[in-house]
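Here's a quick rundown of the side-chain contacts in this one, sorted by type. Have the viewer open as you read.

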Amino acid sequence: MKTCKIIQQVGFTLVELIMVIALAGVVAVMITTIMSRPLQGFADQSRRAELTDLAAMALNRMARDIRLAVPNLLVVSSNEVRLVPIAAAGRYRANQTDPAGPRQDPPACTQTIGACAIDILGPIEPARATTPHWLIIYNTSGLAGIAEAQDGDNSAISPKAFTWEDGTLSAGLSNFRFEYASPQKRFYLANEVVTYRCSGDVLLREFSQKLDGSDPVKAVVVDSVDTCNFTYAPGTNTRNGIVTLRLSLTKGGETVSLLQQVHVDNAP
């Protein structure tokens, strides 16, 4: 005798399938709602951290150059800082324009034969330089309004003609005299002018071989600049000058503002 088996197939009804899909959608919406805020917060925090790092890097770069500026050769406007960075510095000895004559202070370059020579007291770093530099002695008038000195002038800053080695500053000048003597016999050497300037949404660093900052070579320090503001409080008898740097960066709807103050040496 043959036996017949009845196989019963089990499955989902359409109503059950629709309910599963609806419940899965509700769970997905709940998970998305719960996770979206932490994920968005993480993305926002990463963007703010990136902007903070960029702004801090830019301000630290500016502060480093400002601290190296020749005293009183710094000009600050609302969106621009211009300065003359120190290439070398030291102390000088009053020079002799005539080998048989007395030493003159402030130094002068009035000899008719040979190079103008000024002795350096103590070591200097770097010990020698063959490229022409400005020599600055007791500048008190600031950078604004100072024209490039020429042979034949009296000025706190020389024409760009001085080199040095073996403890002697020398230049091919025959009719130049420094305007003032330094009470501490200090001198500074420089060969470029550096300008930080906000232009559009970028902060630029420009350096020029000319005292007026013309014909500069430009490089972008940071982009995404929203606003920048620079101010300078001149020094007094009780404190040094202070440069205040404010920089705001914006990206992806996030804005970060940083402020940094830099003390400036005013003693020429």
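The count of disulfides comes to two. Keep in mind that this is a predicted model, so every value here is computed from predicted atoms. Counting bonded cysteines along the chain, the pairing pattern is 1-2, 3-4. Beyond the disulfides, there are nine salt bridges and one aromatic pair, plus a lysine sitting over a tryptophan ring.

**Disulfide C109–C116**
- C109 and C116 are joined by a disulfide, with an S to S distance of 2.0 Å.
- Which way does the disulfide of C109 and C116 turn, going by the torsion about its S-S bond? That torsion is about -55°, so the disulfide is left-handed.
- Both ends are tucked away: C109 is buried at a relative accessible area of 1%, and C116 is buried at 0%.

**Disulfide C198–C228**
- The other bond pairs C198 with C228, and their sulfur atoms are 2.0 Å apart.
- C198 belongs to strand 12 (residues 193-199) and C228 to strand 15 (residues 225-233), so this disulfide ties together parts that are 30 residues apart in sequence.
- Are these cysteines buried or exposed? C198 has a relative accessible area of 11%, so it counts as buried, given that the cut-off is under 20%.
- C228 comes in at 17%, and that makes it buried too, by the same under 20% cut-off.

**Salt bridges**
- Three of the nine salt bridges are picked out below.
- R205 pairs with D65, and the closest N and O atoms are 3.1 Å apart.
- What does the R205–D65 pair tie together? R205 is in strand 13 (residues 202-208) and D65 is in helix 1 (residues 14-67), so the bridge links parts that are 140 residues apart in sequence.
- Neither partner is out in the open: R205 is buried at 14% relative accessibility, and D65 is buried at 10%.
- E206 forms a salt bridge with R197, where the closest N and O atoms are 2.4 Å apart.
- E206 itself is buried, with 6% relative accessibility.
- K210 forms a salt bridge with D215, and here the closest N and O atoms are 2.8 Å apart.
- How accessible are the two ends of that K210–D215 bridge? K210 counts as partly exposed at 40%, whereas D215 is exposed at 59%.

**Aromatic rings**
- Searching the whole structure turns up one aromatic pair.
- That pair is F176 with F178: the ring centres are 5.0 Å apart and the planes meet at 85°, so the arrangement is edge-to-face.
- On accessibility, F176 is buried at 1%, and F178 is buried at 2%.
- Over on W134, K160 lies over the face of the ring, at 4.6 Å from the ring centre.

**To take away**
- For a disulfide that bridges two strands, look at C198 in strand 12 and C228 in strand 15.
- For a salt bridge between a strand and a helix, go to R205 in strand 13 and D65 in helix 1.
- For a salt bridge with an exposed partner, try K210 and D215, where D215 is the exposed one at 59%.

Conventions. Residues are numbered from 1 along each chain as its sequence is written. This is a predicted model: local features need pLDDT of at least 70, side-chain atom pairs count only at pLDDT 80 or more; totals for chains, interfaces and linings use all residues. Side-chain values use heavy atoms; hydrogens and water are left out. A disulfide is a pair of cysteine sulfur atoms within 2.5 Å. Buried means under 20% relative accessible area, exposed over 50%, partly exposed in between (1.4 Å probe, protein chains only). Helices (H or I, at least four residues) and strands (E, at least two) are DSSP runs, numbered from the N terminus. A salt bridge is a side-chain nitrogen of Lys or Arg within 4 Å of a carboxyl oxygen of Asp or Glu. Rings of Phe, Tyr and Trp (its six-membered ring) pair if their centres lie within 6.5 Å; planes under 30 degrees apart count as stacked, over 60 as edge-to-face and the rest as tilted. A charge sits over a ring if NZ of Lys or CZ of Arg is within 6 Å of the ring centre and within 35 degrees of the ring normal.
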